[in-house]
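Q: I'd like to learn how to read domains and interfaces in a model like this one. Could we go through it together?
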Amino acid sequence: MPTYSIKVNGKSHSVDVSADMPLLWVLRDHLNLMGTKYGCGIALCGTCTVHVDGDPARSCVVTLEQVQGKEITTIEGLSEDGSHPLQEAWKEVDVPQCGYCQAGQIMTAAAFLKRNPDPSPDQIREAMNGNLCRCASYQRIQEAVELAVKNNKS
Amino acid sequence: MKTTSLAGGGLLIGFNLFESCKPGVEPPVDLASLDYNDFNAFIKIADNGAVTIFSPNPEIGQGVKTAMPMIIAEELDVAWKDVYVLQAPLDTKNFTRQVAGGSQSIRHGWEPLRQTGATARQLLVNAAAARWGVDPRECTTKEGIISNAKGETLGYGDVVQEAAALEIPEDVALKSVKEFSIIGQEIPNVDLDEIVTGKPLFGLDYKKEGMVIACVLRPPAFGQKLVSVEESGARALPGVLDVIRFGDKVAVLAQDTWTAMKGKAALKAEWGNDEPLESTEDHDRILTDLLDGREFTTMRKDGNVEKAFAEADMVLERTYESPFLPHNCMEPMNFYADVTPERIHLVGPIQTPEGTAHQIAEVLGRDFSEISLEMTRQGGGFGRRLYGDFAVEAAEVSNLAKRPVKVVFTREDDMADGIYRPAIKYRIKASVRDGQITGYHLKEAAINSNMYGLIPNFFPAGALENYQVDVAKFDSKITTGAWRAPYTNFLAFAEQSFFDELFEQMGADKIQSRIDLLEKVKGTTDDRIQYSPGRMQEVIRMAAEKSGWGTPKEGVYQGFAAYYCHNSHVAEVADVVMENGEPVVKRVVCVVDCGIVINPSGARNQVEGGVIDGIGHALYGNFAFRDGRPQALNFNDYRLIRMNEIPRVESYFVQNEESPTGLGEPALPPAGAAMANAIFAATGKRLYNQPFVNALKDVKIPEKEIIG
Ligand code: FES
Ligand code: FES
């Protein structure tokens, strides 16, 4: 099996896995980073969202080959202590129901706000549209993203 | 109830929600030696006053892990910030209802949880009073501090050791609703910090030394059996540890999930069937034949509907159709099992831990007492995790492989090996004479099983002299079961759409007509009628008022629905506007009477989620079979509602002092009807079949990868 070196949350790791193993399963099963979730495996639910060099990526369809030399950030590395403005907003709004989709939601929102720090409500809905929430906590997800935007301004 | 001092300091109070503790049980001396078979759930108070409360019921996103401990903390009279909550494991010896189902956790837990908290509080007060040498009745408590008449104070932590030695008080006083300081507060989800930082909370996240992953190949079509399997492709994959055939299934064991998935895909199986396989067209025809036929079981019969129809000025008859639905919990089914000759250890997401443990004991021919089961947080339930098939598989595979195993479903497995909401058709017929509804006949034709319990006695039962409910079913090989708000999730749509059309044809006012019908139910002595006509009228009036019913803004069309289920009363108004020639739901006002609201934040979350779930599945949910095979396996073929398709949900709760009732389900059933009725107002088009999207043109499923 090939050996890959990948950088996750600022730390380098060397892993021996088959070349087709998606980043998602490397994170979860080999690096013990369980915050990134499996929902569909075909890039349609967003629960597995991570950042690759700051851009959102569906880790269930990303191979290690594709992330060589790149910086990967997972929910565990978004902030040291859960104090990212989006995490704070998520807590203030009390967004989760079951909670399973929420790490992916936050990662999608974080990458989006970096590109567009002052979005309109419609732009937020559009940006978050790729992330499913089966519990349908969508209304609160929107509120939390709007709150983070507002808090960032003040 | 039992108490004991902890070796490490503090007091442990074992409590029992539903029965007294078994006699002769010795309390443990510290948490490490705690025997869960003796202490199902408990309050732990440390010397420093910190309180740990174990939450008994499974948490599937409905919020009981926050709400149930809130009830204990309220009567215990501690500050919520000092409370730490843990999930209790299964204890079948003492509990009678450790289940997440039917929206009943809070309703059933309400009294016993309050008693538990209040008894513990009294015990602590008695200990303080004894130390001061005063009458306990002179003492008061507030946020974990006990005060006496002289103004002296002691913290709960100061007296826990003495309290542990005292006798358990009986007949303790409960707080009045006005005294509540935690119940009714906006309390955030107790796992919030862990969720937003990605801590391992869920079944899929559970890891144990020596554990391997198993992916299971199951018959691809309902009704098929395994004829043969070629395992060599799977065995040849590096990382595949074993291939195990059990029944008509084949498990591939590997060190990691991806390898197990690949191994499963590399199996080449041949399948066969003795009987013909079923398709959706067959079901469609069979259900219609059932409705047209004469073979029914009558669930309720008042007066004579046939006579009412014969004497009517007008008769309206409509048929409503719904497909199968998969649950699609965001976290696919999975379970951990470690079966050894000595014991069986099970961990994972399950709504029915007790029933599942019994099932496993039976399948493996083991004693129930050998089983210990821990519940993880669960990435959704919706009824799917009431069925422990995946846990049984894990136990079977672990038993055969002789090692700890976690069975993991792929999304495709999750959709293809479901216990689906059954396809159902309703036919409703009503008669009108002299401007009054005189008869109502509801027929149900369903796959596998029919409506149960008190559903045939829901509204309009009791409001009409001539009323009948008849049911019929077809036994299918496709597995079906409970799906959030079973039966009512579609029946509410059929019934409330029917009334909308009936009132329209009668030229009657849609709100007043409902109120008038409910008026007739008042004073009923029929104990099968458990909905309250008065409470129903109140939510109807309030929804009309909050939504601005009758005076919508220009271009806004409204639809009304009201429904009672899971002991709660709900009314909803949907606002629809036309965008690019298509009706779009923009807002839903939802008024709920579920009695005392324990946690308004969690309660609103359930209402918002329930309404959107109802709208989403009514609009898009579709699940067909061809030759026994599901025609959708993942989100490319199965459409769930997404962020830019949702209405704004405004939720309101009736303020009263009634005991709390269900909230995980009741907001869902009326949502489809409110939307359909609004779509009629906007377009003149009546919707009879779900999913609505088939009748509303031009709505596409995203085909390409969507990146935030
Ligand atoms: S698991 Fe990657 S998008 Fe669904
Ligand atoms: S909170 Fe359950 S899937 Fe989003």
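**Reading domains and interfaces**

A: Let's start with the record. The unreviewed UniProt entry carries the annotation "domain: Aldehyde oxidase/xanthine dehydrogenase a/b hammerhead", which covers residues 197-278 of chain B. Keep in mind as we go that this is a predicted model.

Q: How much of residues 197-278 of chain B is helix, and how much is strand?
A: That stretch of chain B is 17% helix and 37% strand, with its end C-alpha atoms 46 Å apart.

Q: Into which domains is chain B divided?
A: The assignment gives domain 1 (31-196), domain 2 (203-274 + 333-408) and domain 3 (424-696). Notice that domain 2 is written as two segments.

Q: How do I read the size of an interface?
A: It is often given as the accessible area lost when the parts come together. Here, chain B and chain A bury about 5400 Å² between them, and carbon and sulfur atoms give 57% of that. On the chain B side, B:Trp258, B:Met330 and B:Met643 lose the most area to chain A, together 15% of what that side buries.

Q: And how many residues of each chain are in contact?
A: Counting by contact, 67 residues of chain B meet 60 residues of chain A.

Q: What about charged and polar pairs between the chains?
A: For charged pairs, look for a Lys or Arg side-chain nitrogen within 4 Å of an Asp or Glu carboxyl oxygen. Between chain B and chain A the count is six salt bridges. One of the salt bridges pairs A:Lys91 with B:Asp193, whose closest N and O atoms are 3.4 Å apart. As for polar contacts, the rule finds 37 residue pairs across this interface, both residues at pLDDT 80 or more.

Q: Which element gives the most to the side of chain B that touches chain A?
A: That would be α15(B), with nine residues. The elements of chain B that each supply at least two residues are α4 (192-196), α6 (257-266), α11 (411-416), α15 (600-620) and β28 (648-653). Sort that side by class and you get 29 nonpolar, 21 polar and 17 charged residues.

Q: Can I read a domain pair inside one chain in the same spirit?
A: Sure, let's try domain 1 and domain 3 of chain B. Their C-alpha centres lie 38 Å apart, and the contact takes 21 residues from domain 1 and 19 residues from domain 3. The buried area is about 1500 Å², with carbon and sulfur atoms giving 53%.

Q: How many salt bridges are counted between domain 1 and domain 3 of chain B?
A: Two. In B:Arg604 and B:Glu186, which form a salt bridge, the closest N and O atoms are 3.0 Å apart. Polar contacts across this domain interface come to six residue pairs, both residues at pLDDT 80 or more. On the domain 1 side, α1 (64-76) and α2 (105-132) of chain B are the elements that give two or more residues, and α1(B) has the largest share, four residues. By class, this side has 10 nonpolar, eight polar and three charged residues.

Q: What can a salt bridge tell me about parts that are apart in sequence?
A: Check which elements the two partners sit in. Over all chains, the search finds 56 salt bridges, including the one where the side chains of B:Glu321 and B:Lys425 meet at 3.3 Å, N to O. B:Glu321 lies in strand β15 (residues 314-322) of chain B and B:Lys425 in strand β20 (residues 424-433) of chain B, so the pair ties together parts 104 residues apart in sequence.

Technical notes:
Residues numbered from 1 in each chain as written. Chains lettered and ligands numbered in written order. Predicted model: local features only at pLDDT ≥ 70, side-chain atom pairs only at ≥ 80, totals over all residues. Heavy atoms only, no water. Contact = heavy atoms within 4.5 Å. Buried area = accessible area lost by both parts, 1.4 Å probe. Polar contact = N/O pair within 3.5 Å; in protein donor to acceptor, adjacent residues only side chain to side chain. Nonpolar A, V, L, I, M, F, W, Y, C, P; charged D, E, K, R; others polar. UniProt positions renumbered as here; feature names shortened; annotations may be inferred. Domains from an automatic or database assignment.
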